[in-house]
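Please look through the sequence and the structure shown below. The report that follows takes up the helices, the surface and the charged contacts in turn.

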Amino acid sequence: MADLEHSSEETSQHSQEESSQDSKAEFSEDEETLIERMFNLLGERWSLIAGRIPGRTAEEIEKYCTSRYSSSTS
């Protein structure tokens, strides 16, 4: 029985880690600087910005910019 409880705790913790990674992608300082510069030049052209950052998708860039800049424009 103890094994079952331990296993469910690990599963719950793993699920929480995955959801936190999905909700907020980690960006390096260099990536943040590049995204900011590209956003200022190109606006909301997410795929063009993502094309300059290996391993990043347009969706990740859009989520990052939306969360970062939406609060400053209100």
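The buried residues of H2 have a cover that includes H3 and H4. In this predicted model, those buried residues are Glu31, Ile35, Met38 and Phe39. They lie on the same side of H2, because the arc they cover around the axis is only 105 degrees. The other side of H2 carries exposed residues, namely Glu29, Asp30, Arg37, Asn40 and Leu41.

The length of H2 can be checked as well. Its 14 residues should span 20 Å at 1.5 Å a residue, and the end C-alpha atoms are 20 Å apart, so the two values agree. Just after H2 comes Gly43, which has a positive phi of about 75 degrees.

H4 can be described in the same terms. Its buried residues are Ile61, Tyr64, Cys65 and Tyr69. These cover an arc of only 100 degrees around the axis, and therefore sit on the same side of H4. H2 and H3 are among the parts that cover the buried residues of H4. On the face turned away from the buried side, H4 has the exposed residues Glu59, Lys63 and Ser67. With 12 residues at 1.5 Å each, H4 should span 16 Å; the end C-alpha atoms are 16 Å apart, which agrees.

**The chain as a whole**

The chain has four helices and zero strands, and its pattern along the sequence reads α-α-α-α. It has 74 residues, of which 19% count as buried. The exposed area of the chain is about 5,900 Å², with 47% of it supplied by carbon and sulfur atoms. For contacts between residues at least 6 apart in sequence, 40% join residues at least 24 apart.

**Salt bridges**

How many salt bridges does the structure hold? There are two. Side chains of opposite charge can pair when their charged atoms come close. The two pairs are listed here with their distances.

| Salt bridge | Distance, N to O |
|---|---|
| Glu31 and Arg56 | 3.0 Å |
| Glu60 and Arg56 | 3.6 Å |

Together, Glu31, Arg56 and Glu60 form a network of salt bridges.

What does the side chain of Glu31 meet in a salt bridge? The partner of Glu31 is the side chain of Arg56. Glu31 belongs to helix H2 and Arg56 to the loop between H3 and H4, so this pair ties together parts that are 25 residues apart in sequence.

Is Glu31 buried or exposed? Glu31 is buried, because its relative accessible area is 16% and the cut-off for buried is under 20%. Its side chain also makes a polar contact with the side chain of Arg56, at 3.0 Å. Leaving aside residues up to four places away in sequence, Glu31 touches Glu26, Ile53 and Arg56.

Arg56 takes part in both entries of the table, with Glu31 and with Glu60. It is located in the loop that runs between helix H3 (46-50) and helix H4 (58-69). Arg56 is buried too, since its relative accessible area is 17%. Besides the salt bridges, the side chain of Arg56 reaches a backbone atom: the oxygen of Glu26, at 2.4 Å.

The remaining member of the network, Glu60, counts as partly exposed because its relative accessibility is 25%, and partly exposed covers values between the 20% and 50% cut-offs.

**A residue on the outer side of H2**

Asp30 is part of helix H2, which comprises residues 29-42. Is Asp30 buried or exposed? Asp30 is exposed, because its relative accessible area is 64% and exposed means over 50%. Asp30 is thus one of the exposed residues on the other side of H2, whereas Glu31 is one of the buried residues of H2. Between Asp30 and Ile53 the C-alpha to C-alpha distance is 10.0 Å, and the two are 23 residues apart in sequence.

Key
Residues numbered from 1 in each chain as written. Predicted model: local features only at pLDDT ≥ 70, side-chain atom pairs only at ≥ 80, totals over all residues. Heavy atoms only, no water. Helix = DSSP H or I, 4+ residues; strand = E, 2+ residues; numbered from the N terminus. Buried < 20%, exposed > 50% of the residue type's maximum accessible area, 1.4 Å probe, protein only. Polar contact = N/O pair within 3.5 Å; in protein donor to acceptor, adjacent residues only side chain to side chain. Salt bridge = Lys/Arg side-chain N within 4 Å of Asp/Glu carboxyl O. Contact = heavy atoms within 4.5 Å. Areas by Shrake-Rupley, 256 points an atom, 1.4 Å probe, with all protein chains shown as cover. Expected span 1.5 Å × (residues − 1). Arc of directions from axis to C-beta.
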